[in-house]
Amino acid sequence: MPKRWGERLAWWTIAKHEWKQAVRSSVLAWFTVLFLLLSVMTLYFGIQAYGGISFQALNKTTSSLLQLSFYFIPIATLLLSALSAAGEWEDRTALLLWNVSGPLAVLFGKWAALMLAMAVSISIGFGFSGLAAGLQGLPNGWILLLLMGNFLLLSMVYLSIGLLVGTWSRNRVAAVLSSLLIWFFSIIIYPFLGMTVLLMAPSFLKPALSVGLNFINPADLLRLYSVFKMGGEAVFGSQYYSLGKWSQTIWMDVTVMGLVIAWVSCCLWLAAAGWQRKSRR
Amino acid sequence: MKKREFTETTVEEAVEIVNLAKRYGKQVVLQPLTWRLKRGKCVAFCGGNGAGKSTLIRMLAGLIRPTQGEIRLFGRPQADILKANRRGQGPFVRLMPDQVTFSASITAREALRFYARLQGVSSERVDEVLAELGLDAVQNRRVSAFSKGMTQRLLLAQAILIRPDLLLLDEPANGLDPVWSEMLKALLKRLQRQGTTILFSSHQLSDVQEIADEVLLLYQGKLLYSGTLDAFCEGRTLEAVYREKIRQIWPY
């Protein structure tokens, strides 16, 4: 009898296989180069804008880096994972996995491998700038490390959303279009939508709504979290004063981690349901 | 190599289909079908394009949900068997689908090792299967560079890594050259001798006549004949009988 391999280690085997493919594909290399360019350029222009190395220069750099990365990382991770999941069905390799592994093992394995790939890419891309900033003697260089951590959390969430999109999409083209739509809504439209809701909402609801709306969208939540962790709560104004105070406590970290885990778990679970549905049409 | 004994069950029937049908909206793909197959037999699903052969094979593999009816494999509900398979327990059902595109970046050996690891099969068995299907010389070549016939052999290789109790093959001879077509027949006969029940679909009726014990003839989702080849052909070639049967329904 073969070993009772089953679901226990299937995800690990799938993760190793997915990782091998990710490393060999040029996509990961391109992402790394883009992250590197993004971080080096924002660091360079941040320093240039303030005529030298200073705390202000670093603040300028980190806020630019934060904004650009919060545009780029969600679309990169969405496309990466959505194409991976949709490709399994379009290429029909999913048929070979059907009765040797459960859908959750397949999807979790994929997620873990792509997460590792993103971690490597982000670490090389942003780590290089962090090292350069440290060598140049920039104060508060640890902020880059903090940002990298937040970018990884952002990758975790959007990779799982991508797997969900890819699993429920008919093919790669549909997966790409759906990913673009989700990115456009969550990164571009949502903040404006939030502002519109806040403008129309009665004033007694505004403080709760402004915080609540940020917590619903993972990109906004993590952007808010990054700014708070960098000590920039003042930019949000008085409405966020209590939240700013609260962000200094461990409970903010616990809440953010909890929400990230909830997003990832829900997306993977729904993706597994989609995989199951496709397997038994 | 880790030898695997065939799962001992007292049930004589490998496949039992009761009133099985598939419809997509108003389109009937398979009309209600009741059919049984004894263990260790080799059966060919024959019929033209759109006859329902692939649908039936995929339903038996658990990849298509029937609109109605029930499938029992080795005396147990199909869902139980598939669940047990994912836990590494037999009786094992394996499928060789048609037209699969493997990842461009992996080699044949890596692809096979991946499916072997998922099933808890040793690397020695991978080597054995690669050699059995003539892929040992090209095992380190990227699968993207493979011809249709080589990809077919790789697909067959993943299906026989763990010696299956029930092997489902969708057009296995597609794209194979005459030599490998012969080798495939020899391999299927060997697997059958070892106790594997084999179901395959094919348009190559001369091959069917050589290896199948029974035939199941479908036409536009309707069963025209099921039984032994000898009774069906009565000394004639399968191709001649097949043409005659089809002409009776559709005088082309």
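Trainee: Which residues in α11(A) do A:Pro103, A:Leu104, A:Val106, A:Leu107, A:Phe108 and A:Trp111 in α5(A) meet?

Mentor: Bear in mind that this model is predicted. The six named residues sit in α5(A), and their partners sit in α11(A). Those partners are A:Leu268, A:Ala271, A:Ala272, A:Trp275 and A:Gln276.

Trainee: Are α5(A) and α11(A) parallel, antiparallel, perpendicular or oblique to each other?

Mentor: Start with the angle. The axes of α5 (residues 103-135) and α11 (residues 250-279) of chain A come within 9 Å and cross at roughly 130°. Angles over 145 degrees count as roughly antiparallel, and 65 to 115 as roughly perpendicular. This crossing fits neither range, so the two helices are oblique.

Trainee: Is the crossing of α5(A) and α11(A) left-handed or right-handed?

Mentor: The angle has no hand of its own here, as it runs from 0 to 180 degrees. The hand is assigned separately. For α5(A) and α11(A), it is right-handed.

Trainee: How many helices and strands does chain A have?

Mentor: Read the elements from the N terminus on. Each one in chain A is α. The count is 11 helices and zero strands.

Trainee: What is the order of the strands in the open sheet of chain B?

Mentor: The sheet has six strands, with mixed pairing. Its edge strands are β6 (93-96) and β10 (222-228) of chain B, each pairing on one side only. Begin at one edge and read across to the other. The order is β6-β7-β8-β3-β9-β10.

Trainee: Which residue in β7(B) stands opposite B:Met96?

Mentor: Strands of a sheet pair through backbone hydrogen bonds, either parallel or antiparallel. Here β6(B) and β7 (residues 166-170) of chain B run parallel, joined by four bridges. Opposite B:Met96 stands B:Leu169.

Trainee: Which strands of the sheet does helix α5 of chain B touch?

Mentor: This helix covers residues 148-159 and packs on the sheet. Its direction makes about 175° with that of β6(B). The strands touched are β6 and β7 of chain B.

Trainee: How far apart are the end C-alpha atoms of α3 (residues 108-119) of chain B?

Mentor: Work out the expected span. The helix has 12 residues, and at 1.5 Å a residue it should span 16 Å. The model agrees with that, because the end C-alpha atoms are 17 Å apart.

Trainee: How many residues of α3(B) are buried?

Mentor: A buried residue has 20 or more other C-beta atoms within 10 Å of its own. Among those in α3(B) are B:Leu112, B:Phe114 and B:Tyr115. The helix is mostly covered, and the count is 11 of its 12 residues.

Methods:
Residues are numbered from 1 along each chain as its sequence is written. Chains are lettered from A and ligands numbered from 1 in the order in which they are written. This is a predicted model: local features need pLDDT of at least 70, side-chain atom pairs count only at pLDDT 80 or more; totals for chains, interfaces and linings use all residues. Two strands pair if DSSP finds at least two bridges between them. Two residues are in contact if their C-beta atoms, placed from the backbone, lie within 7 Å. The expected span of a helix is 1.5 Å times one less than its number of residues. Angles under 35 degrees count as roughly parallel, over 145 as roughly antiparallel, 65 to 115 as roughly perpendicular and the rest as oblique. A crossing is left-handed if the near helix is turned anticlockwise from the far one by less than a right angle, and right-handed if clockwise.
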